[in-house]
Protein chains: 2
Amino acid sequence: MVNYPNKKKINNSHLTTTNSASKRGMSLEKDINDSNQFYLNADQAVIYKKPTPIQVVRVDYPARRAAKIVEAYYQTPSTTDYNGIYKGKYLDFEAKETASKTAFTFRNIHPHQIQHLQRVIRHGGIGFFIIRFKAYNETFLIHADIVCDAYLTQKRQSLSYQFIKDNSILIQEGFAPRLKYLQAVDELFFMED
Amino acid sequence: MVNYPNKKKINNSHLTTTNSASKRGMSLEKDINDSNQFYLNADQAVIYKKPTPIQVVRVDYPARRAAKIVEAYYQTPSTTDYNGIYKGKYLDFEAKETASKTAFTFRNIHPHQIQHLQRVIRHGGIGFFIIRFKAYNETFLIHADIVCDAYLTQKRQSLSYQFIKDNSILIQEGFAPRLKYLQAVDELFFMED
């Protein structure tokens, strides 16, 4: 590898640090989607990202061509980003990444997502958050109960990096799957089995 | 109600017959969404329709206004329309209505939907189809296994109305929920409990 002398001068807090992992240049969403595809192909789980809800206002129908949406708006999702089935269990989670080095702010979470995950758990499902600290290229899996409790007591507006580190499982990374997050699910939810 | 003398002349096979049920003017999708909202409010189940996947090509960002999508296209869904959790079980289904009086054609089903429902069942989930015959205003719940088997053996291109009547459960209708489809799920999947 060529070692560019100017490399150190690049400093942008929105970018991840220039370690080998960040060079892959993937977003958390892409990592999770790739991992879900791996788990699907390996027949280990059936988990998908839900499509982004879009309100369609106007559609053109050009002759002999596919319908073309010409006016539409993004809607706020009413639930979480991902759900599916794993080891016979309903599984549901939200994934977020942050550029902060110190905390994950609750501004990134909608109240209805908290309510949704509480419902999922009450009905016997598995609920969690995947939170990536881009600055460290570390991705954690944390039980939804912990996040919901902290969110609802409103004592704080965020979870500190240290708190997340102490109360969640660091997701192991690799080539395939990129994020071995079902290992973390096993550890957190299936240990008694 | 005014009885328009010309009423009988209206004849369009795409419309349902003018019985009291069809006067409600609701589509199957709306009926299911309303029922899901009822079940959610009653804390009986957490089931949602997945948003329609749309490929966004171009977005405008007018000053001080919400992002406006100005070019986008509908994509083929990779799975089914609905999923969620009920009595601790992962539940997944596709809903279709037909204007035919004699059969439900497989043209309405994508191969990947069949594959998806087979996976769901293999992983311990509950999978089914909801099929409405608009001509009779009858809505049936049928085990995904039955539809998948018929689909894959390819002996026929459709399921006859009579076959569906004999091999599924007629969903009871009411005011709230509109479609009592979880009763049919109980009957089909939870009878041994």
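This passage describes the two largest pockets of a predicted model. Rolling a probe the size of a water molecule over the atoms reveals where space is left empty.

The largest pocket holds about 1,000 Å³ of space. Its lining is made up of 40 residues, of which A:P51, B:P51, B:P53, B:P77 and B:S78 are the closest to the centre. Two or more lining residues come from each of several elements: in chain A these are α1 (28–41), β1 (45–49) and β4 (82–86), and in chain B they are α1 (28–41), β4 (82–86), β5 (89–98) and α2 (111–122). The largest share belongs to α1(A), which supplies 6 residues. Sorted by class, the lining of the largest pocket contains 16 polar, 13 nonpolar and 11 charged residues.

The second largest pocket encloses about 860 Å³ of space. It is lined by 34 residues, and those closest to its centre are A:P53, A:P77, A:S78, B:K49 and B:P51. Here, chain A provides two or more residues from each of β5 (89–98) and α2 (111–122), while chain B does so from α1, β1 (45–49) and β4. The element that gives the most to this lining is α1(B), with 5 residues. By class, the lining of the second largest pocket comprises 16 polar, 10 nonpolar and 8 charged residues.

Residue B:P51 is among the residues closest to the centre of the largest pocket, and B:P51 is also listed among those closest to the centre of the second largest pocket.

Key: Residues numbered from 1 in each chain as written. Chains lettered and ligands numbered in written order. Predicted model: local features only at pLDDT ≥ 70, side-chain atom pairs only at ≥ 80, totals over all residues. Heavy atoms only, no water. 1 Å grid on protein atoms, 1.4 Å probe; cavity = no way out; pocket = protein on both sides within 12 Å on 5 of 7 lines; lining within 4 Å. Points joined across faces, edges and corners; volume = space filled by probe spheres on them. Helix = DSSP H or I, 4+ residues; strand = E, 2+ residues; numbered from the N terminus. Nonpolar A, V, L, I, M, F, W, Y, C, P; charged D, E, K, R; others polar.
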